[in-house]
Amino acid sequence: MSRRFSMDRRSYLKVAGVASTAGLAGCLSSFGAGGDQEIVAGTAPGFPPFEMKEGGDLVGFDIDLLEAVVEETDYELTEWREFEFSSLIPALTNENIDVVAAAMTINDERDETIDFTDPYYNADQAILVREDGSFSPGSLDDLSGHAVGAQEGTTGASVVDEELVQSGDLEESNFKTYGSYVLAVEDLVNENLDAVVVDTPVANTFEAQRPVTIAFTYETGERYGFGLREDADDMTSALNDGLAAVQDSGEYEEIRNEWFSEA
Amino acid sequence: MVVGVGALLEVVAVCAGLPADWQFVCQNADYLAGGLLLTVALTIASILLGFAAGFPAGAIEVYGSTYAKLAVEIVGVVLRGTPIVVIFIFTFFVFPVTEWFPIHRVLPVSDAFVAAVVGLGLRSAAYQAQLFRGSLQSVDAGQMEAARAVGLSKVDAIRHVVVPQALRRSVPGFQNEFTIVLKDTSVAIAIGLAELLTRSQELFVQETTAVTEVILAISAVYFVLTFGTNRALDQLNERYAIPEDS
């Protein structure tokens, strides 16, 4: 559960259910999505270094990795489409896209609706603090009594909620969620927050760009996978083979070094 | 290519004197302008569609037969009660409008754009129907009676006497509706349209120190858009106002 699946997004899930039922009932043709050997990929830019826009171009680790993986198969990647993160699963089940490459964490809830490839990245949660600040927590317990922020619906937010707020270690008024982690970090720099909890690779990017530093990491063992439709078994196994080939040839290392060089 | 480099140098020269983060906004002005264009196009197309469907719907709610009235009311309640993002998901994913009306094959617009216009347009039609219902009902019943008394048919009386007065009274409500549609275009990110707000988010993810600058810049753009249009509608309202009793 990497990001943006908060309670008010449940309506999306319901609509996604309706949408996929309609799709299965044959009400929809495979409008827009590619033919037999063509793959249309979908992503949600705004999650550096996994996927973001630079000067209007879609770039990032997921983008390069999926392109390298598809290159190893008989399929052809013909197009990238951009959606909000929470629209990706409806877009996939309705055949607007054939594969999701968006730092999507493999979890049971999603696994019921779609299929995942083998995991291609592991992530944990990092606790960011101000670089020049005096606050340097060493564990979650140290956060109690301090203002803590996270992005709505992310794993970071649920870690704070489950580990600290529900046990009473952190007052609810001291826990703030934001629509974008960029805004949370902005508030950290402005001294309205003392700590922000985000995915480790994203925290590394911030550490390189802003006056913030990672105090410690909290292990959650999340694994990202590419999302596919449940009936697309051929494509799933082709992408798994492609992923293995990219990892064996060292190309995976190259792409990772390119995007996570600050790490 | 030469032209591209020339234009780039020009942009760099214009932006050079600014603080770093404003320079970033300045250098990406053309990217934001592309989003602005999309926002304006979406708003205009949706408002027009909303008017084309909403005005007749409002008239039916006031003057229509029992069944026509009931049908319009039910559709209106459903549309007004559904969040815009859910409407988009329906017009794009569930019942993709472009499958029946492949306008995007003829015009230079994407299928997501068409789905967004239909979604925003239908929702706006439901709001505009209420707006016009209110202004139609606000015209004194005596106007209708007088028109019928001089021999106009019911349809002609509505068309020549009630509607001209009602339209003038609907301008203030219409200003409101315009502003709502303009701001709701930003929800189209759900179906992959990169309008103004989406592009600004992409920019501050790219340059995280420039959050305030980017948000200030696009707020100014939204303000100019809404303020400008509202002033223009104010002018229209004054120009066509029903003269006060003398």
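**Getting to know chains A and B**

The secondary structure of chain A comes to nine helices and 12 strands, counted as DSSP runs (helices H or I, at least four residues; strands E, at least two) numbered from the N terminus. This is a predicted model, where local features need pLDDT of at least 70, side-chain atom pairs count only at pLDDT 80 or more, and totals for chains, interfaces and linings use all residues. Residues are numbered from 1 along each chain as its sequence is written, chains are lettered from A and ligands numbered from 1 in the order written, and side-chain values use heavy atoms, with hydrogens and water left out.

Colleague: What share of the 263 residues in chain A is buried?

Modeller: Buried here means under 20% relative accessible area, exposed means over 50%, and partly exposed is in between (1.4 Å probe, protein chains only). Going by that, the buried share of chain A's 263 residues is 57%.

Colleague: Which helix gives the most to the largest nonpolar core?

Modeller: A nonpolar core is a set of buried Ala, Val, Leu, Ile, Met, Phe, Trp, Tyr and Cys residues joined through side-chain atoms within 4.5 Å. The largest one has 66 residues, and A:Phe61, A:Leu65 and A:Leu128 touch the most other members. With seven residues, the top contributor is helix H2 (residues 61-71) of chain A.

Colleague: Which strands stand at the edges of the open sheet in chain A?

Modeller: Two strands pair if DSSP finds at least two bridges between them. Five strands line up as E4-E1-E5-E12-E6 in chain A, with mixed pairing. One side of each edge strand has no neighbour in the sheet, because each has a single partner strand: these are E4 (76-82) and E6 (115-116) of chain A.

Colleague: How far apart in sequence are the parts that A:Asp98 and A:Arg229 tie together?

Modeller: Their side chains meet in a salt bridge at 2.9 Å, N to O; that term needs a side-chain nitrogen of Lys or Arg within 4 Å of a carboxyl oxygen of Asp or Glu. A:Asp98 lies in the loop between helix H3 (88-93) and E5 of chain A, and A:Arg229 in the loop between E12 and helix H8 (233-249) of chain A, so the parts they tie together are apart in sequence by 131 residues.

Colleague: And which residue of chain B meets A:Lys53 in a salt bridge?

Modeller: This pair crosses between chains, from strand E2 (residues 52-54) of chain A to helix H11 (residues 196-206) of chain B. Both partners are buried. At 3.6 Å, N to O, the partner of A:Lys53 is B:Glu202.
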